[in-house]
Amino acid sequence: DNPENMATDISRVASSRRYSENGLPYVHKVGVPPKTNLLKEITETVKETFFHDDPLRNFKDQSKSKKLLLGIQAVFPILEWGRSYNFSKFKGDLIAGLTIATLCIPQDIGYAKLANLDAQFGLYSSFVPPLVYAFMGSSRDIAIGPVAVVSLLLGSMLQQELDPVKQKHEYQRLAFTATFFAGVTQFVLGFFRLGFLIDFLSHAAIVGFMGGAAITISLQQLKGLLGIKKFTKKTDIVSVMKSVFAAAHHGWNWQTIVIGLSFLAFLLVAKFIGKKNKKYFWVPAIAPLISVILSTFFVFIFHAEKHDVQIVRHIDQGINPPSVNEIYFSGEYLTKGFRIGVIAGLIALTEAVAIGRTFAAMKDYSLDGNKEMVALGTMNIVGSMTSCYVATGSFSRSAVNYMAGCQTAVSNIVMSCVVLLTLELITPLFKYTPNAILASIIISAVIGLIDIDAMTLLYKIDKFDFVACMGAFLGVVFQSVEIGLLIAVAISFAKILLQVTRPRIVVLGKVPRTRVYRNMQQYPESTKVPGVLIVRVDSAIYFSNSNYMRDRILRWLTDEDEMLKETNQQKIQYLIVEMSPVTDIDTSGIHSLEDLYKSLQKRNVELVLANPGTMVIDKLHASGFADMIGEDKIFLTVADAVMTFAPKMEP
C-alpha cells in the first residue's frame, strides 16, 4: 500500500514493456488490417462521399407510417417545427418580416433594373420564392429574394444574347428559361447529394469575386446617379468610365445628382449608425423605404421629371402572371438559357449556402446543405413559372432578419404578404420614384460586399489565396463578371492541382531531450541522426505526384551526401520515410516507391518506412512491396527505426 513502492512497481512494468528479453529496446510491429470485401469497401466509400451525415438514421427501426411521416417532414421541414410554433415565436417573426419587407421592396425594384428587367419582376421574385422556401427550407434566418450579384450576372449574360429594349419579350422569356435551369441545377445537386462540388470555389475566390462584383455594380449605378441617358452596355471599369466622362458636358443632370448623392449620404449614415450600435439595426433597414417615400414626394411636388430627372414611371399592378408557356423548352435559346442558368444557379447556391451556414453556426443549429439545395432549386423552378427571376439568400436582408429577432422561416411568409399587398395596392405610388434613388439604394447595399479585412487577412495567412482573390477581383472589374468567375474557378482548381502534384516533403530531425522527430525548419534546434536521412511526405501519394515525390527524395539524398562528403562525415546509410500523413497510395505511387528502392540499392542505402496507415500498409502488402524491402524495414515510429538501425551503422 506504500505509494513509493507502487510507483516503483509501475516503473518496472513500464521498463519491462520497453525492453525485450535480450535487453534490446522493444519495437512494436506495424499492424496489417484484415482483408475487406470489395463490395463492402465500395459501399463504405460511396457512403462517406455522399451520405457522410447519415441522413437516414432517423428512419431506422421505424414503422412504415412513421417512415412516411418522417419522409414528408424531410421534404417539408415546416411540418416538423410547425407543431411547436407559438404566439411568442410569431411575434418575433412578424417584427422581422415587416422589417425585411421595408428593406426588400426598394431593393427589389433596383435589382430588377440591374438585371435589365421591369421593376415588377423584382417584386414578383420576393413574393413566390420566399413562400416556397418557407415550406421546404431548413434555415431559420435566411431571407429570400433577388440579390445584386446574381442580378448583375444574369443581366450581363442575357444582354449578350438579346437586346433588353428592342427584344424585350424574348429577353424576359430567356430570363425565365435561365431561372428554370438555375433551379434544375440546384435541385439536381441537392437531390443527388453533390453539394460538395460548390466547395471547389474557394473562400478566397468568392471574396475577390464578390468585391469585384460590388465595384462593377456600383459603377453601373452611375447611369442613374448622374442622370445619363446613353450608357455603355459593357461592365468593365474602362468602358464605364469612358461612357461617364463622354457624357460629362451635356449628359449629366444636376438635379438628379443632388437627389442621388443626398440620399446616398443619408443611407450610408444610417448604415454606419446600425453598424456602430446593434440596437439600431432597424435604422439601415428602414432607411431605403424612407428614401423612396421622400424622394418620390419631392419629385411629385416639384415635377422634377420635367427637368429630365428620370423616374420609374410604371410598375404593373397585381400578382405574378403565370409564365410556364414563356420558358424556352426548344429552339436556339434553350441551350443559351441552360448555360446562363447553370452559372447563375451555382453562384446563387454558393451565396445562399454560405449565408445559411453562417447564421446556423451563430444560433447553434445544424443545416443540411443538400436539403437547402433542393429547397432553393424547387423555389426557382416554381419561380420561373410565375414570372420570377433567380432568387437566393440575401446577406444584408438575412442579417437584418437575424437582428430583428426572427425565430423561423415564417418571417419570409410575412415579407411575402407585405410584397403581395404592395403589388396589389401600392405599385402606382412608385410612378414618380427617381432612378437616382434606386441607384443610391443599390450602391449602399453592395458596398458591404467589399471585404477589405478579409483580403488583408488572406494576404497575411496565405499569399496564394490572396493571388486567387485579386485574380477574381481584377477579372470582374477590368473584364466582365463571367471572366472574373472563370478566373476564380481556374485559380481555385490551380491551387488544388498544385497542392496535389507538388506535396510538401520535409527533412526531420530529433528534438533535444525527446524521442520525437519533427520538421527541422520548424524546429531549428532539432538535430540530424548521423548516417540517417529522415523525410516526411505530407500528402497522399498518387499518379499525379508520385514521380515528384521520388525525384525530390533522391535530390535530398544527393544534396545530403555532397554536404557530408565536404565535411568528411559519415555517409547516409539509411533513408527513413515517415508516412503518417500519407492517407492513401495508388499503383503509380507504389511503382515510384519501387523505383526509389532500386535507386537506393545502387547507392548502398537502405529504405525504411515509418508508420504507414491502414490503406497504405494494406496496399504495400497486396503489391508485394512490403516483402521486397522486408518486414523488418517497416516500423511504427521513426524513433523505433532509428533505435534499431543507428547501432548497426558502419563508422
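What follows is an exchange about a predicted model, covering its domains, strands, cores and salt bridges.

Biologist: How far apart do the C-alpha centres of domain 1 and domain 2 lie?
Modeller: Domain 1 covers 86-232 + 242-494, and domain 2 covers 502-645. The model is a predicted one. Between the C-alpha centres of the two domains the distance is 54 Å.

Biologist: Which residues does UniProt list for "domain: STAS", and how much of that span is helix?
Modeller: The UniProt entry is unreviewed, and it lists residues 522-645. The end C-alpha atoms of that span are 26 Å apart. Strand makes up 15% of residues 522-645, and helix makes up 48%.

Biologist: Is strand 3 largely enclosed or open?
Modeller: Strand 3 runs over residues 505-510. Buried means under 20% relative accessible area. Of its 6 residues, 5 are buried, so strand 3 is largely enclosed by the rest of the structure.

Biologist: Which residue in strand 5 stands opposite Val507?
Modeller: Strand 5 spans residues 532-537 and pairs with strand 3 over 3 bridges. The sense of that pairing is antiparallel. Opposite Val507 in strand 5 stands Val535.

Biologist: Which residue in the hairpin of strand 3 and strand 4 takes a positive phi?
Modeller: Strand 4, residues 517-519, pairs with strand 3 in the antiparallel sense, again over 3 bridges. Lys510 has Tyr517 as its bridge partner in strand 4. The hairpin has 6 residues between the strands. The positive phi, near 65 degrees, belongs to Arg513.

Biologist: Which helix gives the largest share of the largest nonpolar core?
Modeller: That core holds 103 residues, and Leu154, Phe209, Ile217 and Ile347 touch the most other members. The largest share is 10 residues, and it comes from helix 15 (residues 332-363).

Biologist: What is Ile347 in contact with, leaving aside its neighbours within four places in sequence?
Modeller: Ile347 is among the core residues that touch the most other members. With those sequence neighbours left aside, its contacts are Val149, Val150, Leu153, Leu201, Phe209 and Leu485.

Biologist: How many residues are in the second, separate core?
Modeller: Its members include Met520, Val537, Ile541 and Leu609. This core is separate from the largest one. The second core has 34 residues.

Biologist: How many residues apart are Asp465 and Lys495?
Modeller: The two form a salt bridge, with the closest N and O atoms 2.6 Å apart. Both Asp465 and Lys495 are buried. Asp465 sits in helix 21 (residues 463-478) and Lys495 in helix 22 (residues 481-501). The pair links distant parts of the chain, 30 residues apart.

Biologist: Is Asp538, the salt-bridge partner of Arg536, buried or partly exposed?
Modeller: The side chains of Arg536 and Asp538 meet at 2.7 Å, N to O. Arg536 is buried, at 18% relative accessible area. The value for Asp538 is 27%, so Asp538 is partly exposed.

Biologist: Which parts does the salt bridge of Lys619 and Asp584 tie together?
Modeller: The closest N and O atoms of this pair are 2.9 Å apart. Lys619 is partly exposed at 29%, while Asp584 is buried at 13%. The pair ties together parts 35 residues apart in sequence, because Lys619 lies in helix 25 (residues 614-623) and Asp584 in the loop between strand 6 (574-578) and helix 24 (587-602).

Biologist: Which residues do salt bridges that share partners join into one network?
Modeller: The whole structure has 18 salt bridges. Through shared partners, one network joins Glu161, Glu332, Lys336 and Arg339.

Notes: Residues are numbered from 1 along each chain as its sequence is written. This is a predicted model: local features need pLDDT of at least 70, side-chain atom pairs count only at pLDDT 80 or more; totals for chains, interfaces and linings use all residues. Side-chain values use heavy atoms; hydrogens and water are left out. Domain bounds come from an automatic or database domain assignment. UniProt positions are given in the numbering used here, feature names are shortened, and annotations may be inferred rather than shown by experiment. Helices (H or I, at least four residues) and strands (E, at least two) are DSSP runs, numbered from the N terminus. Buried means under 20% relative accessible area, exposed over 50%, partly exposed in between (1.4 Å probe, protein chains only). Two strands pair if DSSP finds at least two bridges between them. A nonpolar core is a set of buried Ala, Val, Leu, Ile, Met, Phe, Trp, Tyr and Cys residues joined through side-chain atoms within 4.5 Å. Contact means heavy atoms within 4.5 Å. A salt bridge is a side-chain nitrogen of Lys or Arg within 4 Å of a carboxyl oxygen of Asp or Glu.
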